[in-house]
Amino acid sequence: MTPLTSRLIQSRTSLSKLFTIAASRNGRYLSTDSNKVDEPFKVEEAETVNVPPPSTEKLLVLGGNGFVGSHICKEAVDRGLTVASLSRSGRPSIHDAWVNNVIWHQGSLLSSYSWTEALNGVTSVISCVGGFGSQSYMYKINGTANINAIRAASEKGVKRFVYISSADFGLANYLLQGYYEGKKAAETELLTKFAYGGVILRPGFIYGTRNVGSVKLPLGVIGSPLEMVLQHAKPLKQLPLVGPLFTPPVNVTAVAKVAVRAATDPVFPPGIIDVSVSGIQRYSQQGAA
């Protein structure tokens, strides 16, 4: 046997021993025959954990630190959505746990430079922006501000836009002309820019617990029984001029549920939803999408 052949045999024997030792440390033993396994693999079944996939929906609530807006933010957080809010004052002073799960932006819809970055990555928008004051101010805050938001959202490719408008109160429309004309202008713009993904909610008086600083105002003490009474007073709504004043109030929680569903459910019908039994009340009683 030549010295070279002897060295090759010794190297093969050494490699075989090393392979056997390494394999034994991994919990199995292999024979020198590469096609034979002395002991089968022992595979331990991993424990499975039901973790919901991360949400791809990002909701921007305009006016999210207000009475209606804060309830919408909470509802969206409870549904596991990524939620952001834009308002002139930014983060609210309340200390509820859900507040920490909202991205708070500060800016004005009347100044595009101060807020358009808040639309980055947003798939749907809910606007609760509105207010009272002089006729010109009411048109600007209810109309122009929301129109700016609708146009910017459309340009950014936002899929759905929900606008919290207001029920028609007949005579009150003349006293608050700027308020209602502003809202009508915003509605028209929304139905134009979001023909297939725009939803307008027209609630009447919205009641619920309202935070005013550190004080909680239980508006439901008045609103809840009034809602029950006016739901059964449909003939009064048919009275000329004053009939719309008998529009039943609606709970802020119901408005929040319907708004979030309308913003995130792709099959939610676009258009105008009023406070009737077939409108906001019915959708709020249906299961979440």
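Start at helix α8, which is mostly covered: 11 of its 13 residues are buried. Buried means under 20% relative accessible area, exposed over 50%, and partly exposed in between (1.4 Å probe, protein chains only). This is a predicted model, where local features need pLDDT of at least 70, side-chain atom pairs count only at pLDDT 80 or more, and totals for chains, interfaces and linings use all residues. Residues are numbered from 1 along each chain as its sequence is written, and side-chain values use heavy atoms, with hydrogens and water left out.

**Stop 1: α8**

Select residues 252-264. The buried residues here include Val252, Ala254, Val255 and Ala256. Farther along, Arg261 is also among the buried ones. Now check the helix length. The end C-alpha atoms are 18 Å apart, which agrees with the 18 Å expected for 13 residues at 1.5 Å a residue. The expected span is 1.5 Å times one less than the number of residues. Next, show Asn251 at the start of α8: a side-chain oxygen of Asn251 comes within 2.8 Å of the backbone nitrogen of Thr253.

**Stop 2: Ser166**

Go to the loop between β5 (160-164) and α4 (172-175), where Ser166 is found. Helices (H or I, at least four residues) and strands (E, at least two) are DSSP runs, numbered from the N terminus. Is Ser166 buried or exposed? Ser166 is buried, with a relative accessible area of 10%. Beyond four places in sequence, Ser166 is in contact (heavy atoms within 4.5 Å) with Tyr179, Tyr180, Lys183, Leu201, Arg202 and Pro203.

**Stop 3: the cysteines**

Select Cys73 and Cys128. Cys73 is buried, at a relative accessible area of 0%. Why is Cys73 not bonded to Cys128? The sulfur of Cys128 is the closest cysteine sulfur to that of Cys73, but at 7.6 Å it is too far for a bond. A disulfide here is a pair of cysteine sulfur atoms within 2.5 Å. By this rule, the count is zero disulfides.

**Stop 4: the whole chain**

Zoom out. The protein chain has nine helices and 11 strands. Of its 289 residues, 41% count as buried. Among contacts between residues at least 6 apart in sequence, 66% join residues at least 24 apart.

Finally, color by pLDDT, the predictor's confidence in each residue, from 0 to 100. The chain averages 75, and 61% of the residues score at least 70. Over residues 218-230 the pLDDT is below 50, and this stretch has 24 contacts in the model beyond near neighbours in sequence. Residues 236-246 also stay under 50, with 16 contacts beyond four places in sequence.

Technical notes: A polar contact is a pair of N or O atoms within 3.5 Å; within protein, one must be able to donate a hydrogen and the other to accept it, and residues adjacent in sequence count only if both atoms are side-chain atoms.
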